[in-house]
Amino acid sequence: MGKVYVFDHPLIQHKLTFIRDKSTGTKEFRELVDEVATLMAFEITRDLPLQEVTIDTPVETATSKVLAGKKLGLIPILRAGLGMTDGILQLIPAAKVGHVGLYRDPETLQPVEYYVKLPSDIEERELIVIDPMLATGGSAIEAIHSLKKRGAKQIRLMCLIAAPEGVEAVKEAHPDIDIYLAALDEKLNEKGYIIPGLGDAGDRLYGTK
């Protein structure tokens with residue numbers, strides 16, 4: 001059964017406050033999202049396996065530890081997920097990056113896949129699906145479904161903020177998925193926006209409306 005982790009690190013919470021603030025401009029917003037993504041990546045990789053190696057320090061031969069070769073993949077959901085990807089790559093530069101593009105059908109309001117480009121070996125990788133906002137959960141559910149039907153077996157979901165409704169929807173659709181958040185907010189409003197939230201992450205990252 002998947003778990004939900006909310007990172008309460010003081011630096012994450014401090015920076016998230018300025019991300020939420022409507023007076024924060026596009027440049028600063030983008031930089032802060034990058035920084036929080038790096039800090040979240042530090043937390044999300046806490047359980048990566050290690051192996052021992054022998055090295056020569058300037059003083060003597062020593063036994064030390066390195067990552068045990070676990071393959072990672074980052075899967076931002078277009079377009080807002082791109083805003084967190086570089087921040088994670090700062091910490092995990094060897095990770096492969098794939099992309100999932102979704103749009104909302106105006107008739108059914110359901111997410112529809114329009115673009116998928118993934119590493120060829122996703123079935124061997126631990127994948128981190130990235131989307132700043134987990135509102136209704138529809139996009140995340142569809143993105144995870146897209147990965148699973150292409151052979152992915154190990155998937156985590158990483159979001160800046162989430163509404164309880166979105167978390168519950170993902171848990172119901174994909175009970176095996178762990179969810180990592182910087183904040184779990186109060187609720188969705190009648191328009192499907194997270195309250196208190198931060199507005200539209202894509203628009204604030206890229207200066208669009």
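The legends below describe close-up views of a predicted model of one protein chain.

**Figure 1. Overview of the predicted chain.** The secondary structure consists of 6 helices and 13 strands. Along the principal axes, the C-alpha atoms occupy a box of roughly 65 × 40 × 30 Å. The radius of gyration is 18 Å, which agrees with the value near 17 Å for a compact globule of 209 residues. Of the 209 residues, 43% are buried. Among contacts with a separation of 6 or more, 62% link residues 24 or more positions apart.

**Figure 2. Surface and charges of the chain.** The accessible surface amounts to about 11200 Å², and carbon and sulfur atoms contribute 52% of that area. The chain carries 25 positive and 31 negative charges, and the mean positions of these two sets are 2 Å apart.

**Figure 3. The largest nonpolar core.** This core contains 36 residues. Those with the most contacts inside the core are I19, M40, M84, I88, L160, I161 and L198. Two or more core residues come from each of the helices α1 (10-20), α2 (26-44), α3 (82-91) and α6 (201-206), and likewise from the strands β4 (72-78), β8 (126-130), β10 (154-162) and β11 (178-184). The greatest contribution is that of α2, which supplies 8 residues. In soluble globular proteins, nonpolar side chains tend to be buried together.

**Figure 4. The surroundings of L160, and a second core.** Neighbours within four places in sequence are left aside in this view; the remaining contacts of L160 are I19, V33, V36, M40, M84, D131, P132, L181, A182, A183 and L198. Another core, of 22 residues, lies apart from the largest one. V100, L127, L134 and V167 are among the residues of this other core.

**Figure 5. Helix α3 and its cover.** The residues G83, M84, T85, G87 and I88 of α3 are buried. The elements covering the buried residues of this helix include the helices α2 and α6 and the strands β4, β5 (96-97), β8 and β10. M84 and I88 are also listed among the residues with the most contacts inside the largest nonpolar core.

**Figure 6. Two cis peptide bonds.** One cis peptide bond joins L78 and R79, with omega about 5°. R79 lies in the loop that runs between β4 and α3. Another cis peptide bond joins I195 and P196, with omega about 0°. P196 belongs to the loop between β13 (194-195) and α6.

**Figure 7. L32 and F18, in contact between helices α2 and α1.** L32 is located in helix α2, and F18 in helix α1. L32 has a relative accessible area of 9% and is therefore buried, the cut-off being under 20%. F18, at 35%, counts as partly exposed. Beyond its neighbours within four places in sequence, L32 is in contact with K15, F18, I19 and T24. For F18, with such neighbours likewise left aside, the contacts are T24 and L32. T24 thus appears in the contact list of L32 and in that of F18. L32 and G83 are 51 residues apart in sequence, and their C-alpha atoms are 9.9 Å apart in space. Between F18 and I122 the sequence separation is 104 residues and the C-alpha distance is 35 Å.

**Figure 8. I179 in strand β11.** I179 is situated in strand β11. Its relative accessibility is 0%, and I179 counts as buried. Apart from neighbours within four places in sequence, I179 is in contact with K3, V4, Y5, L134, L157, V167, V170 and K171. Two of these contacts, L134 and V167, are named among the residues of the core of 22 residues. I179 and L198 are 19 residues apart in sequence, with 19 Å between their C-alpha atoms.

**Figure 9. K187 in strand β12.** K187 is placed in strand β12 (residues 187-188). With 39% relative accessibility, K187 counts as partly exposed. Once neighbours within four places in sequence are left aside, the contacts of K187 are A163, P164, E165, Y193, I194 and I195. I195 is also one of the two residues joined by the cis peptide bond to P196. K187 and D203 are 16 residues apart along the chain, and 21 Å separates their C-alpha atoms.

Notes
Residues are numbered from 1 along each chain as its sequence is written. This is a predicted model: local features need pLDDT of at least 70, side-chain atom pairs count only at pLDDT 80 or more; totals for chains, interfaces and linings use all residues. Side-chain values use heavy atoms; hydrogens and water are left out. Helices (H or I, at least four residues) and strands (E, at least two) are DSSP runs, numbered from the N terminus. The radius of gyration is taken over C-alpha atoms; the globule rule is 2.2 Å times the number of residues to the power 0.38. Buried means under 20% relative accessible area, exposed over 50%, partly exposed in between (1.4 Å probe, protein chains only). Contact means heavy atoms within 4.5 Å. Accessible areas come from the Shrake-Rupley method with a 1.4 Å probe; for residues, only the protein chains shown count as cover. Lys and Arg count as positive and Asp and Glu as negative; His and the chain ends are not counted. The place of a charge is taken as NZ of Lys, CZ of Arg, CG of Asp or CD of Glu. A nonpolar core is a set of buried Ala, Val, Leu, Ile, Met, Phe, Trp, Tyr and Cys residues joined through side-chain atoms within 4.5 Å.
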